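This report goes through selected parts of one protein chain. Please have the sequence and the structure at hand.

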Amino acid sequence: MTVEIVTFGCRLNAFESEVIARQAESAGINETIVLNTCAVTNEAVAQARQSIRRLKRDHPERRIVVTGCAAQSQPEIFAVMPEVDRVVGNEDKMRAEAWRTARDALACAPKLGIEPSEKIAVTDIMAVTAMAPHLLEGFHKGLPRVFVQVQNGCDHRCTFCIIPYGRGNSRSVPMGAVVNQIRALVERGHAEIVLTGVDLTSYGADLPGSPKLGQLTKQILRHVPELKRLRLSSIDQVEADRDLLDVIADDERLMPHLHLSLQSGDDIVLKRMKRRHSRGQAIEFCAQVQRLRPDLALGADLIAGFPTETEEMFARSIDLVDECGLTFLHVFPYSPRPGTPAARMPQVAGNAVRERAKRLRACGETALRRRLASESGRTRQVLIESANQGRTEHFIPVAISGEAPGAIRSLAITGNDGARLMV
């Protein structure tokens with residue numbers, strides 16, 4: 001392989017890694033490993049640095065290029081590593097011209113003695129105001145589920161989050177381009193499309209007429225009738241618009257599974273996070289969408305050990321799992337990111353942060369087991385992902401065998417093994 005991509009972090013990074021591979025190979029880059037990094041936690045950055053050292057040790061003949069959110073927000077920490085040959089910014093990683101420049105720089109760079117500053121090719125992400133669609137020829141050939149990036153960046157400034165400084169301000173792909181891209185993917189045989197972005201529910205605010213995510217989903221479902229399944233990656237419930245709620249209620253092709261950015265169950269913590277919703281609003285939203293779609297499965301991001309969080313405050317996050325009827329939890333132990341306001345707040349002791357994250361994950365495991373048990377005896381429409389696994393409409397994994405990937409099968413659920421449904 002001429003270019004190997006190592007991806008960290010979110011689904012959006014996974015999509016963008018496909019673009020990177022195409023652009024880098026088209027530019028003529030070879031014998032190179034590209035790390036597409038994540039900056040959401042200190043641990044994510046540390047994992048990237050560890051991987052760089054390991055990859056160079058295992059493949060000393062290959063060059064190392066680092067890109068992604070961590071490279072954008074902290075380029076210097078990668079540039080000083082002797083294993084790293086180049087650091088490419090988050091916007092440039094999607095551009096063919098940037099990879100041609102990288103090719104020339106890598107070819108001309110001396111093996112020894114290059115200054116760290118000469119490795120850095122990172123532009124001002126806050127100056128980026130538009131977003132181009134990236135249609136990948138042969139994208140994930142043979143895979144039934146593919147991601148379509150419709151939005152990037154974030155206009156909000158939660159006190160714990162470094163991501164806007166790695167992704168820039170919110171920008172969206174025009175609706176017509178999104179519809180055309182999805183139509184092309186469906187024509188290639190992909191059964192399920194997942195809309196993804198950094199702040200998906202802010203979609204359209206920068207476009208003429210300011211369309212919202214709900215309008216986009218309606219346009220996709222209306223103009224691509226052959227699309228079998230449409231899924232949303234993650235939403236901020238405070239920005240869910242009326243059209244989106246209508247689609248959730250009325251169109252079965254929008255999958256009954258939402259992943260929410262809740263972060264905490266305590267109102268004081270939410271205010272200190274600079275979130276735009278209260279505990280009560282989160283509970284009411286979950287109740288509302290479950291009334292609209294009674295079998296809806298809900299997931300959520302939750303942070304354990306945010307600065308100033310007491311045991312009583314944390315207990316409200318534990319209680320939120322049941323009060324919102326959550327099935328899937330994505331738990332983050334709080335990690336102070338340099339330059340964010342939360343990093344300057346009084347910190348919770350590290351052992352307490354880890355212990356709370358462990359308890360919250362255990363709570364999530366209990367909720368998942370409860371949902372798995374409730375599925376027994378039901379018939380679900382299962383998208384076959386591989387030779388041994390599929391997913392229900394609710395994104396619950398199903399153990400299968402002898403099925404062709406890409407098919408959607410109506411299967412009777414007989415039980416579960418604690419992690420997956422059985423048929």
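With which side chain does the side chain of Q151 make a polar contact of 3.0 Å? The partner is the side chain of S170. The model is a predicted one, and the sections below take its features in turn.

## Q151 and its surroundings

Q151 belongs to strand β7, which covers residues 151-152. Its relative accessibility is 0%, so Q151 counts as buried; the cut-off for buried is under 20%.

Besides the contact with S170, the side chain of Q151 has a polar contact of 3.4 Å with the side chain of S202. Leaving out residues up to four places away in sequence, Q151 touches L12, M131, S170, R171, S172, T196, G197, V198, D199, L200, S202 and Y203. Both polar partners, S170 and S202, are therefore in this list of touching residues, where contact means heavy atoms within 4.5 Å.

## Nonpolar cores

The largest nonpolar core is made up of 53 residues, and I182 and L195 have the most contacts inside it. Helix α8 (residues 175-187) gives the most to this core, with 6 residues. Apart from this core lies another one, of 23 residues, including V6, I52, V87 and I163.

What does I182 touch, not counting residues up to four places away in sequence? The residues are V148, I193, L195, I220, V224 and L227. L195, also named for its contacts inside the largest core, is thus one of the residues that I182 touches.

## Helices α10 and α12

Helix α10 (residues 242-250) and helix α12 (residues 279-292) have axes that come within 8 Å and cross at roughly 45°. The angle makes α10 oblique to α12, because angles under 35 degrees count as roughly parallel and those from 65 to 115 as roughly perpendicular.

On the side of α10, the contact is made by R242, L245, I248 and A249; on the side of α12, by F285, Q288, V289 and L292. By type, the residues of this contact divide into 6 nonpolar, 1 polar and 1 charged.

## Positive phi angles

Most residues other than glycine have a negative phi. E31 has a positive value, with phi near 50°. E31 is located in the loop between α1 (11-26) and β2 (32-37). With a relative accessibility of 37%, E31 counts as partly exposed.

Q263 is not a glycine either, yet has a positive phi of about 75°. Is Q263 buried or exposed? Q263 is buried, with a relative accessible area of 6%. Q263 is part of strand β11, residues 257-263.

## G28 and M422

G28 is placed in the loop between α1 and β2, the loop that holds E31. At 39% relative accessibility, G28 counts as partly exposed. From C-alpha to C-alpha, G28 and D104 are 9.6 Å apart in space, with their positions 76 residues apart in sequence.

M422 is found in strand β19 (residues 421-422). Its relative accessibility of 31% makes M422 partly exposed. Setting aside neighbours within four places in sequence, M422 is in contact with A399, A412, I413, T414, G415, N416 and D417. The C-alpha atoms of M422 and A98 are separated by 48 Å, and the two residues are 324 residues apart along the chain.

Key
Residues are numbered from 1 along each chain as its sequence is written. This is a predicted model: local features need pLDDT of at least 70, side-chain atom pairs count only at pLDDT 80 or more; totals for chains, interfaces and linings use all residues. Side-chain values use heavy atoms; hydrogens and water are left out. A nonpolar core is a set of buried Ala, Val, Leu, Ile, Met, Phe, Trp, Tyr and Cys residues joined through side-chain atoms within 4.5 Å. Buried means under 20% relative accessible area, exposed over 50%, partly exposed in between (1.4 Å probe, protein chains only). Helices (H or I, at least four residues) and strands (E, at least two) are DSSP runs, numbered from the N terminus. A polar contact is a pair of N or O atoms within 3.5 Å; within protein, one must be able to donate a hydrogen and the other to accept it, and residues adjacent in sequence count only if both atoms are side-chain atoms. Axes are lines fitted to C-alpha atoms, for helices over the stretch in contact, and angles run from 0 to 180 degrees between N-to-C directions. Angles under 35 degrees count as roughly parallel, over 145 as roughly antiparallel, 65 to 115 as roughly perpendicular and the rest as oblique. Ala, Val, Leu, Ile, Met, Phe, Trp, Tyr, Cys and Pro count as nonpolar, Asp, Glu, Lys and Arg as charged, and the others, Gly among them, as polar.
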